[in-house]
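This report describes how a hydrophobic core is assembled and how one pair of helices packs. The sequence and structure come first.

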Amino acid sequence: MCGYEKNTIFASEITIRVFINKERKRIMKSLDYLNLDANKVADVVKGLSRLLADFQVYYANLRGFHWNIKGDGFFTLHAKFEELYNDAANKVDEIAERILQLDGTPEHRYSKYLSVSTVKETDVIHSGHKAVAHILDTLKEIIRQERALIQTASEANDEVTVALLDDYLKGQEKTVWMLVAFNSDRA
Ligand SMILES: [Fe+2]
């Protein structure tokens, strides 16, 4: 084999490898298989990313309430806050994995969460009623975001995200009812 033939074979191998890599990159996108519009889905991913940030801050606040609660209702609220932070942790994972299913990249850095979240970190709170009032304010904001995101996801024909958020709302509306009932003697 002469040098020219060797070079030609080498060059065509490179061409094939580049082609295969391009094919792999193309095949590795989930959205190619989901029959969803990438531009419309980008708005859903944006909304989910913000919701993820808010749930992460909410989760950290709930842990603080669970640890620092004192006085009346300690045993009830200590357990209730644990139930709520476990629920928030599950939702964090579900939201992040939904972002991945839509070809987004979920953020994991708290510094980034804090720069975009509407929910803010709380100071140490010992009063059960103050903690419950704070949770109600947080749920109000999260529910507002979820309702807006359901609209965005509906416009993108993304019924999986709609169903996920519908499910969240169902649980949150029940939680709101119970927390309002708990705090009503302080109103
Ligand atoms: Fe604990």
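## Nonpolar core

The largest nonpolar core (buried Ala, Val, Leu, Ile, Met, Phe, Trp, Tyr and Cys residues joined through C-beta atoms within 7 Å) has 34 residues, and Val44, Leu48, Leu52, Tyr58 and Ile95 have the most contacts inside it. At least two residues of this core come from each of α3 (38-68), α4 (74-101), α6 (128-155) and α7 (159-183), where helices are DSSP runs of H or I with at least four residues, numbered from the N terminus; α3 gives the most, with 12 residues.

## Basis of the model

This is a predicted model, in which local features need pLDDT of at least 70 and side-chain atom pairs count only at pLDDT 80 or more, whereas totals for chains, interfaces and linings use all residues. Residues are numbered from 1 along each chain as its sequence is written.

## Packing of α6 and α7

The axes of α6 and α7 are 9 Å apart and the helices pack at an angle of about 155°, the axes being lines fitted to C-alpha atoms over the stretch in contact, with angles from 0 to 180 degrees between N-to-C directions. The two helices α6 and α7 are therefore roughly antiparallel, a term for angles over 145 degrees. By class, their contact has 17 nonpolar, 6 polar and 2 charged residues, with Asp, Glu, Lys and Arg counted as charged, Ala, Val, Leu, Ile, Met, Phe, Trp, Tyr, Cys and Pro as nonpolar, and the others, Gly among them, as polar.

## Ala163

Ala163 lies in helix α7 and is exposed because 12 other C-beta atoms lie within 10 Å; a residue is exposed at 12 or fewer such atoms, buried at 20 or more and partly exposed in between, with C-beta atoms placed from the backbone. Ala163 and Ile150 are 13 residues apart in sequence and 8.6 Å apart in space, C-alpha to C-alpha.

Definitions and conventions:
Angles under 35 degrees count as roughly parallel, over 145 as roughly antiparallel, 65 to 115 as roughly perpendicular and the rest as oblique.
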